[in-house]
Amino acid sequence: MLAIALAAPAGASVKPGDVITAQNAYKVKDLVSPGVYYKVTRGMAMDVVPTSIIQWPPPYRDATEKYSEQVRLSADGRSLVNYVAGQPFPFLDPNDPRVATKIMWNAAFRPITSDDYDLRYYDCDDVYSGLSKPYNVIDYFQIGHYAGYDEVGRTEVDPIPIDPDFKVTGRYWMFGLYPILAPENLRGSGFIRYRYAQPTKGDDIWQWTPGTRRLRRMNEGIMSDAVVSGGNPTSFDPDHYSGFNAKVEEYDYKFLGQKTMLASVNAGHSPEITCTTDGGASACPENWELRQLYLVQASPRTSISDQALQSKSILYVDGEMWFEPYVDEYDPNGQLWQNHTYWLTYRDRPVPDARIAIYPFKREFVVGAAATDVQSGMTTMCYLPGQNTPEHECWYINMGGVDRDFFTTNAMVRAAP
């Protein structure tokens with residue numbers, strides 16, 4: 001692993017080897033988002049490590065060099081034109097009035113996955129966070145598949161670089177989460193989601209509920225809602241399952257600058273460990289390092305502002321891996337409401353003992369994710385791979401593990417146990 005020296009902001013007092021706890025949380029107040037700082041003050045510990053260099057997968061890098069020069073924004077600044085594969089905008093000018101939108105398109109077509117992925121078996125705990133709070137699981141979730149398939153931007157698995165189906169359907173990508181295996185009252189349920197290139201066409205979403213044997217078409221606005229169909233408590237909403245996952249064109253963006261901040265991009269544990277000092281509301285202690293992050297404010301456009309539950313999001317986008325290590329959400333009154341924190345690792349396999357999911361180069365894997373309601377302390381902490389699941393290789397990225405047939409309502413219904 002290569003390492004580079006990255007200067008901390010003026011006044012910062014962290015260096016590799018430091019351990020950050022609630023007792024000295026003040027040291028990182030200006031190096032993390034308000035939502036992450038909330039978690040540190042309530043017991044999430046950090047091990048500060050040297051800064052890593054995160055390399056893109058070579059096929060993604062080659063596609064960027066081949067196609068990026070032809071990409072531009074549409075006249076209204078909302079949509080991509082001539083995008084094929086790789087990163088749309090590898091060269092950014094902070095003085096560009098559209099730089100925030102370009103950052104979001106870079107994050108949408110990120111290098112972490114470009115063709116397909118199948119996250120098999122992961123689990124989540126619902127807990128209440130708090131300093132030295134006992135570990136008390138309110139609800140437990142286990143998911144069979146969390147999968148996606150890109151029709152555009154493919155770099156490793158045929159068809160490359162664009163699936164011919166795109167000309168027929170206009171879909172950028174498809175997503176599926178099914179079957180839910182626990183808790184029992186949700187067993188067999190799930191949903192699928194389609195994202196379209198047409199800027200004015202909202203996502204298509206279908207939910208299957210086996211108890212009532214009902215397939216329901218869902219409104220796009222519910223994707224910002226963390227309530228699941230069975231009424232089970234959770235803090236994660238589908239628009240934040242993987243950073244900021246809402247449709248790019250439905251938000252306005254404001255560039256807030258670039259800043260050196262802490263993020264967990266080369267975690268030392270997989271499966272992740274449960275934090276014993278915050279009630280199990282995070283993965284800790286874990287590696288955090290100084291990174292260059294772009295700060296972008298996302299506000300829902302008029303077309304969905306009456307549906308989105310958040311008034312704005314502050315996105316912290318890593319300028320090397322192009323993933324948001326954390327996102328803060330604000331309620332309609334402008335108060336901090338939710339924090340989404342992601343722990344990633346950089347290696348050639350998702351777990352040390354992998355036998356199938358092994359790659360010829362290092363890539364990023366999300367190994368932990370927490371959604372925290374900072375107004376109540378309610379947290380959903382997810383482990384990827386799961387701690388108590390039969391499958392531990394977990395992440396199958398750009399291996400052809402799923403195809404378009406996986407993302408149909410028939411497939412979802414048939415998969416219900």
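A charge sits over a ring if NZ of Lys or CZ of Arg is within 6 Å of the ring centre and within 35 degrees of the ring normal. The exercises below concern a predicted model.

**Exercise 1. Charges over rings**

Determine over which ring Lys102 lies, and over which ring Lys312 lies.

*Solution.* Lys102 is placed over the face of Phe89, 5.3 Å from the ring centre. For Lys312, the ring is that of Tyr330, and the distance to the ring centre is 4.9 Å.

**Exercise 2. Geometry of aromatic pairs**

Classify the ring pair Trp56 and Tyr60 by the angle between the planes.

*Solution.* Step 1: planes over 60 degrees apart count as edge-to-face. Step 2: the structure holds 24 aromatic pairs. Step 3: in one of them, Trp56 and Tyr60 have centres 5.1 Å apart and planes at 85 degrees, an edge-to-face pair. Step 4: Phe244 and Tyr251 are also edge-to-face, because their planes stand at 85 degrees, with the ring centres 5.2 Å apart. Phe244 and Tyr251 are both buried.

**Exercise 3. The two sides of helix 2**

Identify the buried residues of helix 2 (residues 58-67) and establish how they are arranged around the axis.

*Solution.* Step 1: the buried residues are Tyr60, Ala63, Thr64 and Tyr67. Step 2: these residues lie on the same side of helix 2 because their arc around the axis is only 105 degrees. Step 3: Glu65 and Lys66 are exposed on the other side of the helix. Step 4: for Tyr60, the relative accessible area is 2%, so this residue counts as buried.

**Exercise 4. The surroundings of Thr389**

Decide whether Thr389 is buried or exposed, and describe its contacts.

*Solution.* Step 1: Thr389 belongs to the loop between strand 20 (378-383) and strand 21 (395-397). Step 2: buried means under 20% relative accessible area. Thr389 has 7%, so it is buried. Step 3: a polar atom of the Thr389 side chain lies 3.2 Å from the backbone oxygen of Glu391. Step 4: apart from neighbours within four places in sequence, Thr389 touches Tyr121, Tyr122, Asp123, Tyr140 and Gln142.

**Exercise 5. Salt bridges**

Establish which parts of the chain the salt bridge between Arg291 and Asp318 ties together.

*Solution.* Step 1: the whole structure contains 20 salt bridges. Step 2: in the bridge between Arg291 and Asp318, the N to O distance is 2.7 Å. Step 3: Arg291 is in strand 15 (residues 286-300) and Asp318 in strand 16 (residues 312-318), so the bridge joins parts 27 residues apart in sequence. Step 4: Arg291 and Asp318 are both buried.

Conventions:
Residues are numbered from 1 along each chain as its sequence is written. This is a predicted model: local features need pLDDT of at least 70, side-chain atom pairs count only at pLDDT 80 or more; totals for chains, interfaces and linings use all residues. Side-chain values use heavy atoms; hydrogens and water are left out. Rings of Phe, Tyr and Trp (its six-membered ring) pair if their centres lie within 6.5 Å; planes under 30 degrees apart count as stacked, over 60 as edge-to-face and the rest as tilted. Buried means under 20% relative accessible area, exposed over 50%, partly exposed in between (1.4 Å probe, protein chains only). Helices (H or I, at least four residues) and strands (E, at least two) are DSSP runs, numbered from the N terminus. The arc is that of the directions from the helix axis to the C-beta atoms. A polar contact is a pair of N or O atoms within 3.5 Å; within protein, one must be able to donate a hydrogen and the other to accept it, and residues adjacent in sequence count only if both atoms are side-chain atoms. Contact means heavy atoms within 4.5 Å. A salt bridge is a side-chain nitrogen of Lys or Arg within 4 Å of a carboxyl oxygen of Asp or Glu.
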